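The following note sets out some points on the structure for a colleague at the bench. Please read it alongside the sequence and the coordinates.

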Amino acid sequence: LGDYRGDIKPWEVMFFDEKLKNAYKKWVEYLITETNTYTGIPLKDDSAVGLIMIKNEDGVFFWTIQDVKPSLMAMMEQQYYNWLIQKYTTIADAYTAWENMTMPADNPAGGRMGLYIIWEATQPQTGGKDSRLTDQIQFYTETQRNFYQEIYDHYKALGCKQLINSNNWRTASPTRLFDAERVTNDACDVIATNRYYDPGHIGENSGWRIEPGHKYIGNSVLKFPDQLPTNVKQVVGKPFIISESAWNLPHKYQAEGPFLIASYMSLTGFDGYYWFSPSSWTYDALPYWDFANVNGQMPMFRWTVSTPGQIGMFPANALMFRLGMISQGEPVVHEERTLQSIFEREIPVISEENSFDPNRDDYKQQPGSEDTEVAPIAHLAGRVEVVYDGDPAKTVIAPELENLLDFTNKKITANNGELVWEYKNGRCLLDAQMAKGFCGFPGSVSTYNLTDVTIKTTNEYVVVNVVAMDNKPISQSEKILIQVGTEYRPTNWSEVPEKVDLGGTQVDGFEIKNVGIMPWQAKNSKLSVVINNPNIQSARILNMNGYEGREILVNIDGTKKEIMVPANGMYIIADTRPAKVLGLMDEIDEILIYPNPSEGRINITSHGKASFNSYEVLGVNGKLVYQSKIGNEEIELNLKPGAYVVKLYSDGDMVKVEKVIMN
């Protein structure tokens, strides 16, 4: 393909090169019409294939178009010349429209006209240069859209039954060029984009693995709300998906991802989110490149979501998203744009990314500013949508948006009344009928009151979901899932504070000293959940596969049930089964040994100020059965049938003794 051979990446080639485009069409024909010998049907008829993407991460509005090879540039300039002739009849008329703005590459006699590098389209322009760039962007837009339309029609002519997406890529300027990209994507059934919450990870090989010596920033997105991946301007009438996303390692705040994505997808009516990538159906047992050795360590795989902080947080969040527990809000921005305004790269009403700084006290346009009229954090207040080739007079900005975006206190209130994001403190509260939650940094405040649910915690960072499992409000539910996420690191992980160079600016971050080994280590849960519900009577901890384990303490005060989450509590089911372990709100400062009698297993739990740091288990004959000099907030003992005496000590002083019966 001209200059493109070997390992030269053919960015943008297929949009302009008929040879490659036709080869692609033949390849597609073979791919989807040949009968699969295993299923007996071709892919075009296979319901296991739900969505087809024409091209991945490529487009004419991205920086790679500034590095096309001479053979492709000649092709592009020839096609641009033909496009101009079709629009203006003569190149002389085009020059007139451009106020005689010429370029060194212009060669009308040779049937070629020069093209600006894409950087020029990201900058404000005036006069003839602006007019000429407007034509170039229109040419790019129509060329790329026509390509997607042709391939879409080809798939359908072959009998393809799946939904089709054109692409998922970004542009050199989200503010000035994203709408042009989306106009081209609109030729197909589904709009998509790839967008990660990046940890700011740098170092050799950092695109695919994590090594000792690498640096990263790793901020929580809760303090940078404009960077939530689902902050997108949805095209009216078209489904919109994130086709790749995650909180990539080495983020330690991964647990916030599923909570925030499920919550704000629900608020905005967003259609789908693909986590990239699950390297295992459970937690990846070896998320390392075991063939490599860096200073005696195996580099870590940075792209897996098979971690406790990501797939581990799916159950409650997937449940509340799929069952619609969080209400969809009304549009806070409905924008309509003419195609001409898009070609002219006018600043839209709102962008998905621009110069918003979460640390600013307000969002006011200054003279000469390229800020959009509406701050990008408006995506977190309700749905943001756009109509292309529409009537700008029909653009509507919800009047209440001014009150929903509190720049003074750095707080965003969703217009469904169920979500509040406090980006000053880095926390988000969810208060829907069937789903409650807290996400982020509790700070000095350790008690959060939601409707019928109170969350008490001393964790530095925690994510808590309280979700009904029977489609009833939390106050009436008979089966409730409590899910807890904290911070997760591999065993032996080590890092030190270090400055990180971010685009020439030194910012606070970390240097990784040891990438660790499996298994994952989790910060202990330090919380209780109070549910105002007359039906709930007991609670049980679940393992990672959802199987029930031991019963845990529920303190009962009328209709209020305080569930004491164990230190290792990740999933807990609270339901109507009678409790074997009972307590009262004013009796929390104690040590409990339960159940008693037991079916072969007892639990020892300390609450409040009560504590112990060693214990003994003796037979009724006084013979020592088990001894430990290490106490804990939670201990589980498996004993043979019989009678025992359990003695608990604090610094050598006996603080509790109890006889227990094992059946």
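1. A residue is called buried when its relative accessible area is under 20%. By that cut-off, buried residues account for 54% of the 663 residues in the protein. The model is a predicted one.

2. On overall architecture, the protein contains ten helices and 39 strands. Its C-alpha trace spans about 110 × 55 × 55 Å along the principal axes. Of the contacts between residues at least 6 apart in sequence, 69% join residues that are at least 24 apart.

3. Helix H3 (residues 70–88) and helix H5 (residues 127–157) have axes that come within 11 Å and cross at roughly 105°. The two count as roughly perpendicular because angles of 65 to 115 degrees fall in that class, and H3 is accordingly described as roughly perpendicular to H5. H3 contributes Met76, Gln79, Tyr80, Trp83, Leu84, Lys87 and Tyr88 to the contact, while H5 contributes Arg132, Asp135, Gln136, Gln138, Phe139, Tyr140 and Glu142. By character, the residues of this contact divide into seven nonpolar, three polar and four charged.

4. An aromatic cluster should be read together with the preceding point. It is formed by Phe16, Phe61, Tyr80, Trp83, Phe139 and Tyr140. Among these, Tyr80 and Trp83 belong to the H3 side of the contact with H5, and Phe139 and Tyr140 to the H5 side.

5. Helix H7 (residues 256–268) and helix H8 (residues 314–322) offer another helix pair, with axes that come within 9 Å and cross at roughly 0°. That angle makes H7 roughly parallel to H8. The contact involves Pro258, Phe259, Ala262, Ser263, Met265 and Ser266 of H7, together with Phe314, Asn317, Met320 and Phe321 of H8. Its residues divide into seven nonpolar, three polar and no charged.

6. Which parts of the sequence does the pair of tyrosine 264 and tryptophan 421 tie together? Tyrosine 264 lies in H7 and tryptophan 421 in strand E15 (residues 419–422), so the pair links parts that are 157 residues apart in sequence. The ring centres are 5.5 Å apart and the planes stand at 55°, so the pair is classed as tilted. Both tyrosine 264 and tryptophan 421 are buried. In total, the protein has 30 aromatic pairs.

7. Helix H6 (residues 174–185) is largely enclosed by the rest of the structure, because eleven of its twelve residues are buried. Charged residues are included in that buried set: Arg176, Asp179, Glu181 and Arg182 of H6 are among its members. The buried residues of H6 pack against H5, strand E3 (191–194), strand E7 (240–245), strand E10 (331–337), helix H9 (339–343) and strand E11 (383–388).

8. Two placements of a charged group over a ring may be checked in the viewer. The charged end of lysine 223 sits over the ring of phenylalanine 441, at 5.0 Å from its centre. Arginine 302 lies over the face of tryptophan 303, with a distance of 4.7 Å to the ring centre.

9. Is glutamine 66 buried or partly exposed? Its relative accessible area is 34%, so glutamine 66 is partly exposed. Glutamine 66 is located in the loop between strand E1 (51–53) and H3. Leaving aside residues up to four places away in sequence, glutamine 66 touches Ile117, Ile118 and Trp119. Glutamine 66 and leucine 115 are 49 residues apart in sequence, yet their C-alpha atoms are 9.9 Å apart in space.

Key: Residues numbered from 1 in each chain as written. Predicted model: local features only at pLDDT ≥ 70, side-chain atom pairs only at ≥ 80, totals over all residues. Heavy atoms only, no water. Axes fitted to C-alpha atoms, helices over the stretch in contact; angles between N-to-C directions. Helix = DSSP H or I, 4+ residues; strand = E, 2+ residues; numbered from the N terminus. Parallel < 35°, antiparallel > 145°, perpendicular 65-115°, else oblique. Contact = heavy atoms within 4.5 Å. Nonpolar A, V, L, I, M, F, W, Y, C, P; charged D, E, K, R; others polar. Buried < 20%, exposed > 50% of the residue type's maximum accessible area, 1.4 Å probe, protein only. Phe/Tyr/Trp six-rings, centres within 6.5 Å; stacked < 30°, edge-to-face > 60°. Lys NZ or Arg CZ within 6 Å of the ring centre and 35° of its normal.
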